[in-house]
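This briefing introduces one protein chain to a reader who has not met it before. Please look over the sequence and the structure below before reading on.

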Amino acid sequence: MNMIMHVLPLLVFTTFAGLAAGAYVVDALCGGLRTGGSDASPSAAPCCAWLFPLVCLVLLGVGLCGTLAHLGQPLRFANGMANPGSMIAQEAYWSIAFGVVIVIDLAFAKVKGAPPRPVRWVGAVVAVGLMIVTGLAYYHSLGLPAWSGAATVPLFVLGDLALGAGLCALLDRGALASGKLACANVAAQIAFAAVLVAFGLHLARIGADMTGLLVAAGVVGPLAASVAAGATHAGKLPAQAGAVAVCAFATVGVVLARYAFFAAGMM
C-alpha cells in the first residue's frame with residue numbers, strides 16, 4: 001500500500017500530462033485534426049476545435065496536481081522553482097509554457113472557430129520538450145540504476161506518443177477509419193513495445209524483475225491497442241467503440257509500464 005501511495009502522484013503527473021503532450025505531437029504529425037486545416041466535416045469542426053485544447057488543458061492541470069501531491073508541501077515546490085537547474089524546475093517551466101500555448105489555442109478556437117496551425121506546431125514542440133525533460137528527470141536520479149538506463153527517456157516519450165495517439169482517436173472517433181490516425185496509433189504502439197523490451201532487458205541486467213508487469217503492459221497496450229486500431233480501420237469494429245478501446249488499451253498499457261518503472265526504482 002505504501003508503494004502504491006508513493007507511486008500514485010508520479011503516475012498521475014506522467015500519465016495525464018503525457019496524454020496532453022502526446023496528443024499535441026500526434027495532432028501536428030497527422031496534419032491538422034480539429035483545426036482550420038482539419039479533414040473534419042464543417043458541421044463537426046466548430047465543436048472539435050475548442051474541445052481538443054480544453055481536454056488537454058484539463059489533463060495537464062490534473063497532472064500538475066499530481067506533482068504537487070508528490071512534493072507534499074508548497075514550500076518544496078517554491079524551492080524547486082527557485083533553482084532553475086533542478087529537474088523539478090525544468091518540468092514546471094516546460095509545463096507552464098505548454099499550458100500557455102494550450103490557453104492560446106483554446107482562445108483562438110473559441111473566438112475564431114479554429115486555431116491557426118502554427119499554434120498547434122508550437123504546442124507540439126513544447127510538448128516534446130516536456131516529454132524529454134520528464135524522462136531526463138528520472139534518468140538523472142542518482143543511485144537508482146533502474147532509472148538510469150538508456151531506455152528511460154524513450155520509455156516516457158514513446159509512452160506519451162502512444163497515449164496521445166489514443167486520445168486523438170477518442171476525440172475524433174471517425175479518424176481511425178481514414179487510415180492516417182490508425183497508422184499513427186499502430187506505429188506508436190510498435191515503438192512503445194520495442195522500448196518495453198529494451199527496458200525489460202535493462203532491468204534483467206541489473207537484477208531487477210518486473211517481467212510480469214511489462215508483459216502485461218505489452219499485451220494490453222501495444223498488442224490490444226494495435227489490434228483495435230486495425231480492426232476499426234478495416235470496418236470490423238464500430239468507429240466509436242474502436243476509438244474508446246484504442247484509448248483505453250493504450251492508457252492501461254502505459255500505466256502498467258510506468259508503475260513497473262517507478263516500482264523498480266523504489267525496490
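The points that follow treat the overall make-up, the nonpolar core, three helix pairs and four single residues.

The model is a predicted one. Its protein chain contains nine helices and zero strands. Of the 267 residues of the chain, 49% count as buried.

**Overall make-up**

- Read along the sequence, the elements of the protein chain give the pattern α-α-α-α-α-α-α-α-α.
- Among the contacts in the chain with a separation of 6 or more, 79% are between residues 24 or more positions apart.

**The nonpolar core**

- The largest nonpolar core comprises 69 residues, and those with the most contacts inside it are F98, L181, L203, F261 and F262.
- At least two residues of this core are supplied by each of α1 (2-29), α2 (45-71), α4 (87-112), α5 (117-139), α6 (152-171), α7 (180-205), α8 (211-233) and α9 (239-266).
- The largest share of the core, 13 residues, is contributed by α1.
- Apart from residues up to four places away in sequence, F261 touches Y138, A146, W147, T152, L155, F156 and F199.
- As general background, nonpolar side chains tend to be buried together in soluble globular proteins.

**Helices α6 and α7**

- The axes of α6 and α7 come within 9 Å and cross at roughly 155°.
- An angle over 145 degrees counts as roughly antiparallel, and α6 and α7 are therefore roughly antiparallel to each other.
- The two helices, α6 and α7, make a left-handed crossing.
- On the α6 side, the contact is made by P154, L155, L158, G159, L161, A162, A165, G166, C168 and A169. On the α7 side, the residues are L181, A184, N185, A188, Q189, A191, F192, V195, L196 and F199.
- The contact of α6 with α7 divides into 16 nonpolar, four polar and no charged residues.

**Helices α7 and α8**

- The axes of α7 and α8 come within 9 Å, and their crossing angle is roughly 165°.
- This angle makes α7 roughly antiparallel to α8.
- The crossing in which α7 passes α8 is left-handed.
- From α7, the contact involves A182, N185, V186, Q189, F192, A193, L196, F199, G200 and L203. From α8, it involves L214, A217, G218, G221, P222, A225, S226, A229 and H233.
- By class, twelve nonpolar, seven polar and no charged residues form the contact of α7 with α8.

**Helices α6 and α9**

- With their axes 8 Å apart, α6 and α9 pack at an angle of about 160°.
- Helices α6 and α9 are therefore roughly antiparallel to each other.
- The crossing of α6 and α9 is left-handed.
- In α6, the residues that meet α9 are T152, L155, F156, G159, D160, A162, L163, G166, L167, A169 and L170. Their counterparts in α9 are A243, V244, V246, C247, A250, T251, V254, R258, F261 and F262.
- The contact of α6 with α9 has 15 nonpolar, four polar and two charged residues.

**Two residues of helix α4**

- S95 lies in helix α4, and its relative accessibility of 1% means that S95 counts as buried.
- Leaving aside residues up to four places away in sequence, S95 touches F13, L60, L64 and L130.
- K110 also lies in helix α4, but K110 is exposed, with a relative accessible area of 57%.
- K110 and L51 are 59 residues apart along the chain, and their C-alpha atoms are separated by 9.5 Å.

**Two loop prolines**

- P145 is found in the loop between α5 and α6, and at 46% relative accessibility P145 counts as partly exposed.
- Not counting neighbours within four places in sequence, P145 is in contact with H202 and I206.
- The C-alpha atoms of P145 and I206 are 7.4 Å apart, although these residues are 61 residues apart along the chain.
- P238 belongs to the loop between α8 and α9, and at 53% relative accessibility P238 counts as exposed.
- P238 and G174, 64 residues apart in sequence, are 9.5 Å apart in space from C-alpha to C-alpha.

Key. Residues numbered from 1 in each chain as written. Predicted model: local features only at pLDDT ≥ 70, side-chain atom pairs only at ≥ 80, totals over all residues. Heavy atoms only, no water. Core = buried A, V, L, I, M, F, W, Y, C linked by side-chain atoms within 4.5 Å. Buried < 20%, exposed > 50% of the residue type's maximum accessible area, 1.4 Å probe, protein only. Helix = DSSP H or I, 4+ residues; strand = E, 2+ residues; numbered from the N terminus. Contact = heavy atoms within 4.5 Å. Axes fitted to C-alpha atoms, helices over the stretch in contact; angles between N-to-C directions. Parallel < 35°, antiparallel > 145°, perpendicular 65-115°, else oblique. Left-handed = near helix turned anticlockwise from the far one by under 90°. Nonpolar A, V, L, I, M, F, W, Y, C, P; charged D, E, K, R; others polar.
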